[in-house]
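Me: I would like to work through a protein structure by means of short questions and reasoned replies. Could you show the structure before we begin?

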Amino acid sequence: MIVNLITTGGTIEKVYSEQTGSVQNLDNKIDRYLNRLRLSDSEMRVLPLMNKDSLEMTDNDRAVILNTARDLLPDNAKIVITHGTDTMVETGLYLQRALSGLKAPIILTGAMTPLGFEGSDGLQNLTESLFAARLLDPGIYVVIHNQVFPVDRVRKDHKLARFVWIEQVK
């Protein structure tokens with residue numbers, strides 16, 4: 001099975017900077033975590049696009065993600081996009097408005113705590129997304145914290161620090 005893993009930054013890829021004393025998007029580190037997983041029957045294609053906090057993401061950035069996904073669609077491979085959780089749904093809806101006739105799922109995932117930090121949910125969410133890519137019908141989804149949400153049925157609840165179901169907007 002071929003999975004195209006598009007990385008865009010977000011908390012899942014943040015690292016601690018000793019110089020500034022803050023957590024920042026500095027470099028792509030997904031490969032290190034993929035190497036820890038047993039993915040013997042999967043071909044993983046990692047495509048690092050950017051390394052941004054999603055609150056800094058613009059529609060130009062979303063267009064880059066869209067164009068990359070669109071270029072990958074002809075091979076019908078699964079697509080997983082790592083993304084910051086604050087605007088993940090916005091990017092998913094942007095993709096949904098622009099893409100039709102999908103033949104494979106596109107999954108957005110991220111983390112509330114960076115990969116490698118104690119208590120990180122990043123590896124769990126990444127692993128669940130790769131598994132969900134095998135099972136889901138074509139469409140655009142958010143996969144996080146042991147849940148699968150169609151992108152138009154989810155929002156991030158900042159107070160609860162998790163994603164929750166919403167009623168479908170007509």
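The questions and replies that follow concern this predicted model.

Me: In what order do the six strands of the open sheet stand?

Reply: The pairing in this open sheet is mixed. Neighbouring strands are turned by 20 degrees against each other on average, direction ignored. The order of the six strands is S4-S1-S5-S6-S7-S8.

Me: Which strands stand at the edges of this sheet?

Reply: A strand at the edge has a single partner strand, so one side of that strand is left without a neighbour in the sheet. In the order S4-S1-S5-S6-S7-S8, this applies to S4 (43-52) and S8.

Me: Which residue of S8 is the bridge partner of Val143?

Reply: Strand S7 (residues 139-144) and S8 run antiparallel, and four bridges join them. The bridge partner of Val143 in S8 is Val148.

Me: What angle does the direction of helix H4 make with that of S6?

Reply: Helix H4 (residues 122-135) packs on the sheet. The strands touched by H4 are S1 (2-9), S4, S5 (78-82), S6 (105-109) and S7. The angle between the directions of H4 and S6 is about 170 degrees.

Me: What arc do the buried residues of helix H3 cover around the axis?

Reply: In helix H3 (residues 88-98), the buried residues are Met88, Val89, Thr91, Gly92 and Leu95. Their arc puts them on the same side of H3. The buried residues of H3 pack against H2, S5, S6, S7, strand S9 (154-157) and S10. The arc that they cover is only 160 degrees.

Me: Is His83 buried or exposed?

Reply: His83 is found in the loop between S5 and H3. Among the residues that His83 touches are Thr8, Ser54, Met57, Ile65, Met88 and Leu108. Its relative accessibility is 0%, and because buried means under 20%, His83 counts as buried.

Me: Which residues form the aromatic pair, and how is the pair described?

Reply: A search of the whole structure finds one aromatic pair. The centres lie 5.0 Å apart and the planes make 55 degrees. Planes under 30 degrees apart would count as stacked and over 60 as edge-to-face, so an angle outside both ranges counts as tilted. The pair is therefore tilted, and its members are Phe149 and Trp165.

Me: How many residues apart are Phe149 and Trp165?

Reply: Phe149 belongs to strand S8 (residues 147-150) and Trp165 to strand S10 (residues 162-165), and the pair links distant parts of the chain. Phe149 counts as buried at 0% relative accessibility, whereas Trp165 counts as partly exposed at 46%. Along the chain, Phe149 and Trp165 are 16 residues apart.

Me: What separates Asp59 and Arg62 within helix H2?

Reply: The side chains of Asp59 and Arg62 meet in a salt bridge (3.6 Å, N to O). Asp59 is partly exposed, with a relative accessible area of 48%, and Arg62 is buried, with a relative accessible area of 2%. Because the two residues are three residues apart in helix H2 (residues 59-72), Asp59 and Arg62 are separated by about one helical turn.

Me: What is the N to O distance in the salt bridge of Asp61 and Lys52?

Reply: The count of salt bridges in the model comes to eight, and Asp61 and Lys52 form one of them. Asp61 counts as buried at 12% relative accessibility, while Lys52 counts as partly exposed at 23%. The N to O distance between Asp61 and Lys52 is 2.6 Å.

Me: Which residues do salt bridges that share partners join into one network?

Reply: Asp157 and Arg155 form a salt bridge, with their closest N and O atoms 3.7 Å apart. Salt bridges that share partners join a further set of residues into one network: Glu43, Arg45 and Asp75.

Me: What is the phi of Asn146?

Reply: Most residues other than glycine have a negative phi. Asn146, in the loop between S7 and S8, is not a glycine and yet has a positive phi. Asn146 is exposed, with a relative accessible area of 62%. The phi of Asn146 is about 65 degrees.

Terms used:
Residues are numbered from 1 along each chain as its sequence is written. This is a predicted model: local features need pLDDT of at least 70, side-chain atom pairs count only at pLDDT 80 or more; totals for chains, interfaces and linings use all residues. Side-chain values use heavy atoms; hydrogens and water are left out. Rings of Phe, Tyr and Trp (its six-membered ring) pair if their centres lie within 6.5 Å; planes under 30 degrees apart count as stacked, over 60 as edge-to-face and the rest as tilted. Buried means under 20% relative accessible area, exposed over 50%, partly exposed in between (1.4 Å probe, protein chains only). A salt bridge is a side-chain nitrogen of Lys or Arg within 4 Å of a carboxyl oxygen of Asp or Glu. Two strands pair if DSSP finds at least two bridges between them. Axes are lines fitted to C-alpha atoms, for helices over the stretch in contact, and angles run from 0 to 180 degrees between N-to-C directions. Contact means heavy atoms within 4.5 Å. The arc is that of the directions from the helix axis to the C-beta atoms. Lists of a residue's contacts leave out its neighbours within four places in sequence.
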